[in-house]
Amino acid sequence: MTTSTDHPEWTLGFLNGRSAVMQRLFSQMRSTATHLRIATLEGESGTGKTAAARTLHALGPAAGHAFLPCPATQFFEQLPAIIREARDGTLLLTHIEALSSPQQMRLIEFLQWLDHQHARHLPDSAPRQVFFSSSVPVRRLVSSATLRIDLANRLTVIRFLIPPLRERREDIPLLATELAQGFGATQGRIIRGLHPQTLARLLAHRWPDNIRELETVIHAAALSCQGQWIRPIDIPPLGPDPLPGTESATSAANPQATHRPTAGADEDPNLDHAIQRHVHRVLERAEGNKLRAARMLGISRSTLYRLLDAEEAAHEEA
């Protein structure tokens, strides 16, 4: 299975992604990182906003100094100590959506002080860069009167949107494989990757908690894995949030649907059958073109053939 070792362009700092949306993010980060002083990272919980901020830090002018993440609501309780620790480095204030009105006013005052320090060319007395992160889009916070508009204008001069995992599903094989190999290495074992049916199971899930959830699942699977490949049986329960499209979608005109579960399939609790239905649904959308279907699924064509062959063999045994 292909990893970022074979394609260095799929990795930037602490982030991995081959999808178009991640490649656009990489391009934005490369072009702006050296000039940043204030920036905001938006994205759902678990999408990797801290990893993205750490990547910007590593690419930017404060790379040789501290990177310090801190919940925004706790910042003012420890302000002098945090300023000392983050001086000439990068401070990341997380969860700005949780700031109260008085805390927002204090943050505006802090940003004014920061402007003054930089204007006096005193970088050693303050962080060189301050990043912010929010699990709720800043514009939505403003429209709901949760965030002051004058503060929002300061924070969003440069924004980075970190996409949810369901919008970059073609990255799941890459992320899952590298996580599996990394967790295996920490256990002193060789884990080469995922069985094709395991990958199909991951692709059929919606991942509401994003990469954080994927990390938890792959970690548990790596602990259960007895060989060099993570099997479907190694994957813990993924919860009741399947990706739309795993429902039954029979079509007499499509010869690929011959072995698909038919009557009552949408009530069938068997996860392998749900995966088969999802694969055939994508094949229908691709009009039977396996190369196109494999690209839509985020897997190689050979992996798709193995999934179809495994399904055929299961029906023959039945």
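Contact here means heavy atoms within 4.5 Å of each other. With that in hand, helix α8 is a good place to start in this predicted model. The helix runs over residues 172–186, 15 residues in all. From first C-alpha to last, α8 reaches 21 Å, close to the 21 Å expected at 1.5 Å a residue.

Eleven of those 15 residues are buried, so α8 is largely enclosed by the rest of the structure. The N-terminal part of the list is an unbroken run, I172, P173, L174, L175, A176, T177, E178, L179 and A180, and F183 and G184 are buried too. What do these buried residues of α8 pack against? Their partners are three strands, β2 (15–16), β8 (193–194) and β9 (229–230), plus two helices, α9 (196–203) and α10 (210–224). Just after α8 comes G188, with a positive phi of about 70°.

Positive phi also turns up away from glycine. One case is N210, at about 60°, and this residue lies in helix α10, one of the helices that the buried residues of α8 pack against. Is N210 buried or exposed? At 0% relative accessibility, N210 counts as buried, because the cut-off for that label is under 20%.

The other case is D88, a non-glycine residue with phi near 65°. Rather than in a helix, D88 is found in the loop between α4 (79–86) and β5 (90–94). With a relative accessibility of 11%, D88 counts as buried as well.

Methods:
Residues numbered from 1 in each chain as written. Predicted model: local features only at pLDDT ≥ 70, side-chain atom pairs only at ≥ 80, totals over all residues. Heavy atoms only, no water. Helix = DSSP H or I, 4+ residues; strand = E, 2+ residues; numbered from the N terminus. Expected span 1.5 Å × (residues − 1). Buried < 20%, exposed > 50% of the residue type's maximum accessible area, 1.4 Å probe, protein only.
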